[in-house]
Amino acid sequence: MPSLTARTEPRLSPRRGRLQLLALLAVVLGPMLLAGAMYQWRFWVPEGRTYHGTLIGTGQSRAELGIAPTGGAESRWQLLVTAPEECAADCRRLVYLARQIHIGLGREAERGAHALAVGQPLTVEETRRLEREYPQLGHYRLEPALYEHAAPGLSGAQLWIVDPLGNLVLRYGAEADGKGVLEDLRLLLKLSKIG
């Protein structure tokens with residue numbers, strides 16, 4: 001017959017119990033305290049940014065840039081090429097680049113569009129060529145005086161990423177790299193729930 005004597009469990013010393021409690025608190029609270037300190041005193045925070053263009057953090061809209069609104073509101077992300085004067089060689093290059101980036105979005109292409117805003121009216125020949133080569137290209141009228149006031153010092157064609165609400169997000173010069181712009185737009189589409 002088995003003995004009914006109680007087994008005695010080895011008792012943990014109070015010191016060992018306190019060490020376990022402190023270790024548990026360090027594991028739980030340590031990362032939160034470290035993150036708070038990093039935020040408060042700005043250490044170990046990367047200074048580099050991942051975007052390739054110039055961030056427009058002023059909340060400027062497409063209308064403030066001098067682009068006359070059209071009948072229907074654009075509810076998609078937009079690659080907008082602006083030329084305060086006529087659409088010269090750098091402007092045509094950016095229009096081509098905007099189309100290629102739009103195509104490069106792949107399955108996300110329906111969330112984007114590409115457009116051109118020019119300060120000088122296009123010739124009939126240029127309009128036909130654009131309609132033939134870029135059938136999905138949107139057209140806007142650009143007011144040069146408003147453009148100069150909203151974007152002082154910018155000369156020549158520029159490529160802008162515009163969100164579905166009409167806010168300017170990023171700007172690229174005429175020498176823009178297509179891969180960098182595509183990476184930026186894909187990141188914005190990934191992070192955005194609108195458009």
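This tour walks through a set of linked salt bridges in a predicted model.

**Start with the helix.** Select helix α3, residues 124-133. Both E126 and R129 sit in this helix. They are 3 residues apart, about one turn of the helix.

**Select E126 and R129.** The two form a salt bridge. Put a distance on the closest N and O atoms: 2.9 Å. Then turn on the surface. Both E126 and R129 are buried. For R129, the relative accessible area is 19%, so this residue falls under the 20% cut-off for buried.

**Keep R129 and add E133.** Here is another salt bridge, with its closest N and O atoms 2.9 Å apart. How far apart are R129 and E133 in helix α3? They are 4 residues apart, so about one helical turn separates them. E133 has a relative accessible area of 30%. That value lies between the 20% and 50% cut-offs, so E133 counts as partly exposed.

**Keep E133 and add R132.** Their side chains meet in a salt bridge, at 4.0 Å from N to O. Is R132 buried or exposed? R132 is exposed, because its relative accessibility of 60% is over the 50% cut-off.

**Now show the four together.** Select E126, R129, R132 and E133. Salt bridges with shared partners join these residues into one network. Trace the links in order: E126 to R129, R129 to E133, E133 to R132. Colour by accessibility along that path: E126 and R129 are buried, E133 is partly exposed, and R132 is exposed.

**Last, zoom out.** The count for the model comes to 4 salt bridges.

Notes. Residues are numbered from 1 along each chain as its sequence is written. This is a predicted model: local features need pLDDT of at least 70, side-chain atom pairs count only at pLDDT 80 or more; totals for chains, interfaces and linings use all residues. Side-chain values use heavy atoms; hydrogens and water are left out. Helices (H or I, at least four residues) and strands (E, at least two) are DSSP runs, numbered from the N terminus. Buried means under 20% relative accessible area, exposed over 50%, partly exposed in between (1.4 Å probe, protein chains only).
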